[in-house]
Amino acid sequence: MSRLYLARNPRVAARSLDGEMMIMSGRDSTLFTLNKTATILWQSADGTTPLHEIVEHRIVTEFEVEPAEALQDAETVARDLAKHDILQISEEPIVQSTTPSGSSAGDAR
Amino acid sequence: MKGLLEEMTEKALARNIPLSVQLDLTYRCNERCVHCYLDHNDHGEMTTAEIKHLLEEMAEAGVFILTLSGGEIFLRKDFFELLEYARRKLQFCVKLKTNAILVREREAARVRDLGVESIQISIYSHRPEVHDAITLVPGSLKRSVDAIRFLKAQGLRVVIANVLMKQNMADYPGVRALAEELGVECTLDPTITPMMDGDRGVLSLGIGQDELRQVFRDTALVGDVEEYCTVSTSPDESALENLPCSAGHTTCYVSPYGDVFPCVQFPLPTGNVRKQRFIDIWRNSDEMNDVRSIRLKDLTTCTSCSHVGSCSRCPGLAFMEGNRRGPSSQDCERSYARTGVPSANMLAKAELKSRLAQSMPGHALQGQSTSHAAANLVQIRALPTMARATA
């Protein structure tokens, strides 16, 4: 079984609108809404939790489906999201670099 | 077929969620545009910590599209810190409005790294002598155009905003050609906003009927002129239940001092985020709820106007004229220029003018002591072609 790791693409914008996740692509400003499975993947995509754990802890319990089938479906969804630059996927844990802040002052203006 | 954004907007409207907010980070500016409505002195801008807290509240309230504007946003020393917070931590879809004269390669790269959706830059003319005479900053056109190139080189979406005034009316084709050469979008807007203190003198910079007519008959701008300039048929009863615009419904505006308004062009105070939570102002402000209650059928004068179904009436401009349920003369002027048919507001004013003239022969309007009469006089003077239209 392949181990896949998911991370959110830091260039997209995202907001949950009454439970429905809106995502705007950083590549071309295309707007997407995610279904429940994709939303769970998005919310769990921390770069360090492998996909099979996300499926086991968040999807199988939520949808009462067979683990093997759920994993296959989740991988398809994850690869689709990666195709649209919404998620990054890798067989290694993903560490995202952070841009240094312009200022650390708490009361600057 | 509805677009996804339209669907999400409808959903936000139904659930009373402020989907889109403009936040002015500062009113300070490094240009002094002749038509600007702002007081550029700093009267106590929100601090970095206050703005971060506000951004958190806005994200929690469901705000998705965040427009950062000013004043000039790059004058804030903490601008990139705030932008990073809005993008990386809170995942807003961020749009910027700027003159960009402080944007060089380094800033452009940073804006790109932070995944900004678009950058709107004000360009008044393709000629420095015209643009710089409006911004009152020598060399500003070159700086802004250089910035557009830097931002485009980063693959960013740039939109030129061209405000039309008497001073630059002749140059809009040149600005559009410049936009095409730079590979960026271009918007044209003849709206001049009264000063924040209510002074309407700045409106004299706006273009007149002849120029508006010319703009509305430019096929490069409007496509099919005949179709664009046709008076629309009267809307049915159900259309009168429609909302006048999104201000206060799915959008609002926050000033650098934390004041919340329905829109940047609708200076009706509804609360201050230094004293109340953003979501409490959005949901519970009496003023915000009053704005929210207004439907097309509630508009005085406009309901009987032949343009009611197609008018671009701005509720904020109407508010600044004295009645949030009343007409907006600038939009009446536009509808008239577009179709040749005067609005109900224009006809009413013409009638009032005629009655006043008849009641005071030889005295014009002198001696009218009420502020109401004075306000009407100002509006009548702002409609120089009305007599011709109603003759």
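Me: How many of the 109 residues of chain A count as buried, as a percentage?

Reply: The share is 29% for chain A. Keep in mind that this is a predicted model. For chain B, with 391 residues, the buried share is 42%.

Me: And what secondary structure does chain A have?

Reply: Start with the inventory, then read the order. Chain A has 3 helices and 6 strands, and going from the N terminus the elements run β-β-β-β-α-β-α-α-β. Chain B comes to 17 helices and 9 strands.

Me: Which strands form the open sheet of chain A, and in what order?

Reply: Order in a sheet is about who sits beside whom, so here's the case: three strands, β5-β1-β6, with antiparallel pairing. β5 (46–50) and β6 (87–90) of chain A are the edge strands, each pairing on one side only. From one strand to the next, the twist averages 25°.

Me: Where can I look for the register of β1 and β5 of chain A?

Reply: Look at the bridges. Strand β1 (residues 5–8) of chain A runs antiparallel to β5(A), and 2 bridges join them. Within that pair, A:Ala7 stands opposite A:Asp46 in β5(A). Helix α2 (residues 51–63) of chain A packs on this sheet, touching β1 and β5 of chain A, and its direction makes about 75° with that of β5(A). Helix α3 (residues 67–83) of chain A packs on the sheet too, touching β1 and β6 of chain A, at about 120° to the direction of β6(A).

Me: What about side chains along a strand?

Reply: In a regular strand they alternate between the two faces of the sheet. To try that out, go to the hairpin: strand β2 (residues 13–17) and strand β3 (residues 20–24) of chain A pair in the antiparallel sense over 5 bridges. A:Leu17 stands opposite A:Glu20 in β3(A).

Me: Which residue of that hairpin takes a positive phi?

Reply: That's A:Asp18, with phi near 55°, in a hairpin that has 2 residues between its strands.

Me: Which residues touch the most other members of the largest nonpolar core?

Reply: Think of a core as a contact network and look for its hubs. This core has 111 residues, and the hubs are A:Leu41, A:Ala74, B:Leu66, B:Val94 and B:Leu151. Take A:Leu41: leaving out residues up to four places away in sequence, its contacts are A:Leu6, A:Ile54, A:Ala74, A:Val77, A:Ala78, A:Leu81 and A:Leu87. Another core, of 5 residues, lies apart from it; among its members are B:Leu299, B:Cys302, B:Cys305 and B:Cys311.

Me: How many residues does each chain give to the contact?

Reply: Chain B gives 29 residues and chain A gives 23 residues. On the chain B side, α1 (4–14), α2 (48–61) and α3 (79–89) each supply at least two residues. That side divides into 12 nonpolar, 5 polar and 12 charged residues.

Me: Why would I say that the radius of gyration of chain B agrees with a compact globule?

Reply: Because a compact globule with 391 residues would come out near 21 Å, and chain B has 22 Å. Along the principal axes, the C-alpha atoms of chain B fill a box of roughly 65 × 50 × 50 Å. Contacts tell you about the chain path: of those in chain B with a separation of 6 or more, 69% join residues 24 or more positions apart. The figure for chain A is 57%.

Me: Where is B:Asn16?

Reply: It sits in the loop between α1 and β1 (20–24) of chain B. B:Asn16 is partly exposed, because 15 other C-beta atoms lie within 10 Å, while burial takes 20 or more. Its C-alpha atom is 6.9 Å from that of B:His249, 233 residues apart along the chain.

Notes
Residues numbered from 1 in each chain as written. Chains lettered and ligands numbered in written order. Predicted model: local features only at pLDDT ≥ 70, side-chain atom pairs only at ≥ 80, totals over all residues. Core = buried A, V, L, I, M, F, W, Y, C linked by C-beta atoms within 7 Å. Buried ≥ 20, exposed ≤ 12 C-beta atoms within 10 Å, placed from the backbone. Contact = placed C-beta atoms within 7 Å. Pairing = 2+ DSSP bridges. Helix = DSSP H or I, 4+ residues; strand = E, 2+ residues; numbered from the N terminus. Nonpolar A, V, L, I, M, F, W, Y, C, P; charged D, E, K, R; others polar. Axes fitted to C-alpha atoms, helices over the stretch in contact; angles between N-to-C directions. Rg over C-alpha atoms; globule rule 2.2 N^0.38 Å.
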